[in-house]
Amino acid sequence: MAEVRLTPGGAPHTVLPDPPSEVVAALTAATDRAALVEVAAAHPDLPEVWAALGHLCESEAGDLAAVVEAYAYYRIGYHRGLDALRHNGWRGSGYVRWAHPSNRGFLACLDGLRRMAQAIGEDAESDRCAEFLTMLDPSYQS
């Protein structure tokens with residue numbers, strides 16, 4: 001179950017639930033794009049899945065099509081993560097910290113979206129993502 005806590009300063013602090021262990025195992029076992037796509041098709045609501053696909057495409061450096069594909073995967077994960085945050089009590093403000101492993105799929109998608117937006121020259125989007133990351137976790141290191 002997710003938690004929304006108050007930090008010492010009073011700001012809400014949202015912690016997403018852990019992804020199901022079978023999804024973590026499937027992501028760990030996936031060694032290629034086809035395997036990751038199967039996991040995504042089975043669990044499209046989990047940002048961890050989209051982050052893994054985005055990372056795979058991003059690793060194919062130098063290929064503009066891979067950058068655009070990574071951008072799309074990260075954007076899906078970002079939006080699925082926002083849905084999960086809202087479902088778990090986040091109301092548009094407060095912290096979503098990297099220190100909680102269950103928040104990392106969403107934050108990885110947001111940071112990946114920032115990087116891919118920058119790579120395709122969408123500077124305003126990249127700047128918005130960077131600002132949002134700082135708002136969610138002021139200690140986040142890109």
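## A tour from helix α5 to the surface

Select Arg-114, which sits in helix α5. Keep in mind that this is a predicted model.

Is Arg-114 buried or exposed? Its relative accessible area is 13%. The cut-off for buried is under 20%, so Arg-114 counts as buried.

Now show side chains. The Arg-114 side chain makes a polar contact with the side chain of Asp-111, at 2.7 Å. Next, ignore neighbours within four places in sequence and look at what else is in contact with Arg-114. Select Ser-126, Cys-129, Ala-130, Leu-133 and Ser-142.

Move to helix α3, residues 47–58. Put a distance between its end C-alpha atoms: they are 16 Å apart. Why does that agree with expectation? The helix has 12 residues, and at 1.5 Å a residue it should span 16 Å. The expected span is 1.5 Å times one less than the number of residues.

Stay on α3 and colour its buried residues. These are Pro-47, Glu-48, Val-49, Trp-50, Ala-51, Leu-53, Gly-54 and Cys-57. What covers them? The cover includes α1 (21–29), α2 (33–42), α4 (64–87) and α5 (104–119). Arg-114, the starting point, belongs to α5.

Follow α4 next. Select Leu-64, which is found in this helix. Leu-64 has a relative accessible area of 56%. Exposed means over 50%, so Leu-64 is exposed.

Finish on the surface. Add Val-68 and Ile-120 to the Leu-64 selection. Together the three form a nonpolar patch, with about 260 Å² of accessible area.

How values were computed. Residues are numbered from 1 along each chain as its sequence is written. This is a predicted model: local features need pLDDT of at least 70, side-chain atom pairs count only at pLDDT 80 or more; totals for chains, interfaces and linings use all residues. Side-chain values use heavy atoms; hydrogens and water are left out. Helices (H or I, at least four residues) and strands (E, at least two) are DSSP runs, numbered from the N terminus. Buried means under 20% relative accessible area, exposed over 50%, partly exposed in between (1.4 Å probe, protein chains only). Contact means heavy atoms within 4.5 Å. Patches are made of residues with over 30% relative accessible area and no salt bridge: like charges are joined within 9 Å, nonpolar side chains (Val, Leu, Ile, Met, Phe, Trp, Tyr) within 5 Å. Accessible areas come from the Shrake-Rupley method with a 1.4 Å probe; for residues, only the protein chains shown count as cover. A salt bridge is a side-chain nitrogen of Lys or Arg within 4 Å of a carboxyl oxygen of Asp or Glu. A polar contact is a pair of N or O atoms within 3.5 Å; within protein, one must be able to donate a hydrogen and the other to accept it, and residues adjacent in sequence count only if both atoms are side-chain atoms.
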